Amino acid sequence: MKFSVWLSSMLVGVILLPAAAQDAPVYDIPQIEGIVIDGDLSDWGEGGFRIDIFSDTDGRVQPVKDFDPKVRLGWDVRGLLLAATVSDDIAFEHPGDNEIWLRDALEIFVGDKKGGKQWWQANIASGMDPDFPKLHYWLFDRGKADYNEKLHIEAASRKIDGGYIVEVLLPWENLSATAAVGQEYGFQMYCTDHDKEGGAFGVQWFPARGTHVNSANMHRIRLAEEASPAVSISHGSGIDQEKIKA
């Protein structure tokens with residue numbers, strides 16, 4: 001990687017200057033019709049924009065058999081569509097809604113734009129933990145820094161061999177928005193793995209955390225007819241790293 005590209009990645013991922021928002025990469029999210037939120041991804045076919053690697057802020061990942069989240073994004077008139085397929089060898093989830101993030105969880109942030117004033121958060125536990133066998137979630141309006149009873153999602157999960165699937169509809173209504181080709185939004189996602197022993201390991205797509213207080217810590221996504229190429233390289237702290245295979 002050239003030094004100038006590496007330095008740019010560091011500036012975006014760490015310093016997060018608001019003026020750089022318009023220069024950040026834009027990822028095209030394809031329109032997909034006929035998606036039913038039931039945890040069965042057969043209706044997705046091969047569709048969706050694929051995020052095939054998540055890393056921590058230092059670019060580190062876990063061995064695939066231990067923890068390997070893969071996500072696809074799409075959209076329709078209802079909202080942003082998300083399908084997460086997560087390899088996870090130990091299910092360990094938190095029963096408390098506002099503490100979901102402490103254990104195995106997905107944390108999703110959607111904003112009116114990268115660095116915008118309207119963004120909200122959905123924390124989701126899949127219900128794969130036999131002690132807490134029901135999907136549950138917690139929603140919070142980050143733009144208002146307060147609970148917003150009007151926020152809502154549609155979510156379903158399904159156990160698979162070696163992990164789980166979570167499928168989510170993130171409604172445009174939560175941003176008082178409507179869908180149109182060319183419309184841009186901000187998006188960030190964290191995935192957390194907790195194996196009881198040794199604590200939690202958290203990864204994210206945009207290479208910085210703190211999105212709950214800084215909406216600049218998001219990627220730009222654009223509603224489109226065709227998807228951008230899949231993301232298969234981590235850029236945490238300017239280090240390109242492929243997924244660990246062992």
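1. S215 is placed in the loop between β11 and β12. In this predicted model, S215 counts as buried, because its relative accessibility is 5% and the limit for a buried residue is under 20%. Leaving aside residues up to four places away in sequence, S215 touches K114, G115, G116 and W119.

2. The loop between β11 (200-204) and β12 (219-224) also holds W205, which forms part of an aromatic pair with Y27. A search of the whole structure gives seven aromatic pairs. In the pair of Y27 and W205 the ring centres lie 4.9 Å apart and the planes meet at 55°, so the arrangement is tilted. Y27 belongs to strand β1 (residues 26-30) and W205 to the loop, so this pair ties together parts of the chain that are 178 residues apart in sequence.

3. Are Y27 and W205 buried or exposed? Y27 is buried, with a relative accessible area of 17%. W205 is likewise buried, with a relative accessible area of 8%.

4. W205 takes part in a further tilted pair, with F49: the centres are 5.8 Å apart and the angle between the planes is 50°. F49 lies in strand β2 (residues 49-51), whereas W205 lies in the loop between β11 and β12, so the contact ties together parts that are 156 residues apart in sequence. Both F49 and W205 are buried. Through ring pairs, Y27, F49, F187 and W205 are linked into a cluster.

5. A ring is also involved in an interaction with a charged group. The charged end of R209 sits over the ring of Y190, at 3.9 Å from the ring centre.

6. Strand β2, which contains F49, is also part of an open sheet of five strands, in the order β2-β3-β4-β9-β8 and with antiparallel pairing. Which strands form the edges of this sheet? The edge strands are β2 and β8 (154-160), each of which pairs on one side only. On average, and with direction ignored, neighbouring strands of the sheet are turned by 15° against each other.

7. Within this sheet, strand β3 (residues 67-75) and strand β4 (residues 79-88) run antiparallel and are joined by nine bridges. One bridge can be named by its residues: F67 has D88 in β4 as its partner.

8. Two residues other than glycine deserve a check of their backbone. A145 has a positive phi, near 55°, and is found in the loop between β7 (136-141) and β8. A145 counts as exposed, with 59% relative accessibility. S176 also has a positive phi, near 55°. S176 is found in the loop between β9 (163-171) and β10 (184-194), and is exposed, with a relative accessible area of 71%.

9. As for the chain in general, the secondary structure comprises one helix and twelve strands. Along the sequence these elements follow the pattern α-β-β-β-β-β-β-β-β-β-β-β-β. Of the contacts between residues at least 6 apart in sequence, 65% join residues at least 24 apart.

10. Buried residues account for 52% of the 246 residues in the chain. The accessible surface of the chain comes to about 11,600 Å², and 52% of that surface belongs to carbon and sulfur atoms.

Methods. Residues numbered from 1 in each chain as written. Predicted model: local features only at pLDDT ≥ 70, side-chain atom pairs only at ≥ 80, totals over all residues. Heavy atoms only, no water. Phe/Tyr/Trp six-rings, centres within 6.5 Å; stacked < 30°, edge-to-face > 60°. Helix = DSSP H or I, 4+ residues; strand = E, 2+ residues; numbered from the N terminus. Buried < 20%, exposed > 50% of the residue type's maximum accessible area, 1.4 Å probe, protein only. Lys NZ or Arg CZ within 6 Å of the ring centre and 35° of its normal. Pairing = 2+ DSSP bridges. Axes fitted to C-alpha atoms, helices over the stretch in contact; angles between N-to-C directions. Contact = heavy atoms within 4.5 Å. Areas by Shrake-Rupley, 256 points an atom, 1.4 Å probe, with all protein chains shown as cover.
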